[in-house]
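Hi,

Here is the structure I promised to pass on. Have a look at it first, and my notes on what turned up are below.

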Amino acid sequence: SLGSITRKSIRIGDSQCSLYAAWGLAARTNQTTTRHGISIQHVYRDYESYYGRANYVYTRNGQITAVQN
């Protein structure tokens with residue numbers, strides 16, 4: 001939703017387009033294609049922290065299915 005985008009927050013079920021609007025493009029993506037569709041792991045890096053911690057967002061067929069941070 002527009003409110004989520006302006007707060008730079010994402011939720012399970014949001015679209016991949018909402019992810020890009022809220023967080024920008026990922027530093028790296030890993031894609032898997034199966035007969036069930038396309039799954040993508042989006043890797044976002046926090047370069048301001050000492051260890052460069054990563055956040056991972058998983059999408060399947062254009063919808064956010066999981067967030068790991």
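A cut-off to start with: a residue counts as exposed when its relative accessible area is over 50%, and as buried when that area is under 20%. Please keep in mind that this is a predicted model.

With that cut-off, the end of the chain is easy to place. N69 sits in the segment after β4 (63-68), and its relative accessibility is 64%, so N69 counts as exposed. Leaving aside residues up to four places away in sequence, N69 still touches R53, A54 and N55. From N69 to V57 the C-alpha distance is 8.6 Å, with their positions 12 residues apart in sequence.

Now the overall layout. The chain has two helices and four strands, and they come in the order α-α-β-β-β-β. Of its 69 residues, 29% are buried. If you take the contacts between residues at least 6 apart in sequence, 26% of them join residues at least 24 apart.

On to the second helix. Which residues of α2 are buried? They are Q16, S18, L19 and A22. These residues span an arc of only 155° around the axis, so they lie on the same side of α2. Just after α2 comes G24, which has a positive phi, near 80°.

Two of those α2 residues, L19 and A22, turn up again in the largest nonpolar core. The other members of that seven-residue core are I10, A26, Y44, V57 and I64. As a general point, nonpolar side chains in soluble globular proteins tend to be buried together. Y44 has quite a list of contacts beyond four places in sequence: L19, Y20, W23, G24, L25, A26, R53, A54, N55 and V57. So R53, A54 and N55 are touched by Y44 and also by N69.

The residue I'd point you to last is D14, in the loop between α1 (2-6) and α2 (16-23). What is the nearest side chain of opposite charge to D14? It is R11, 4.1 Å away, and D14 is buried without a salt bridge. The cut-off for a salt bridge is 4 Å, so a distance of 4.1 Å does not qualify. R11 does come up in another way, though: its backbone nitrogen is 2.9 Å from a polar atom of the D14 side chain. Further along the sequence, D14 touches G62, Q63 and I64, and I64 is one of the core residues mentioned above.

Cheers

How values were computed. Residues numbered from 1 in each chain as written. Predicted model: local features only at pLDDT ≥ 70, side-chain atom pairs only at ≥ 80, totals over all residues. Heavy atoms only, no water. Buried < 20%, exposed > 50% of the residue type's maximum accessible area, 1.4 Å probe, protein only. Lys, Arg positive; Asp, Glu negative; His and termini not counted. Polar contact = N/O pair within 3.5 Å; in protein donor to acceptor, adjacent residues only side chain to side chain. Contact = heavy atoms within 4.5 Å. Arc of directions from axis to C-beta. Core = buried A, V, L, I, M, F, W, Y, C linked by side-chain atoms within 4.5 Å.
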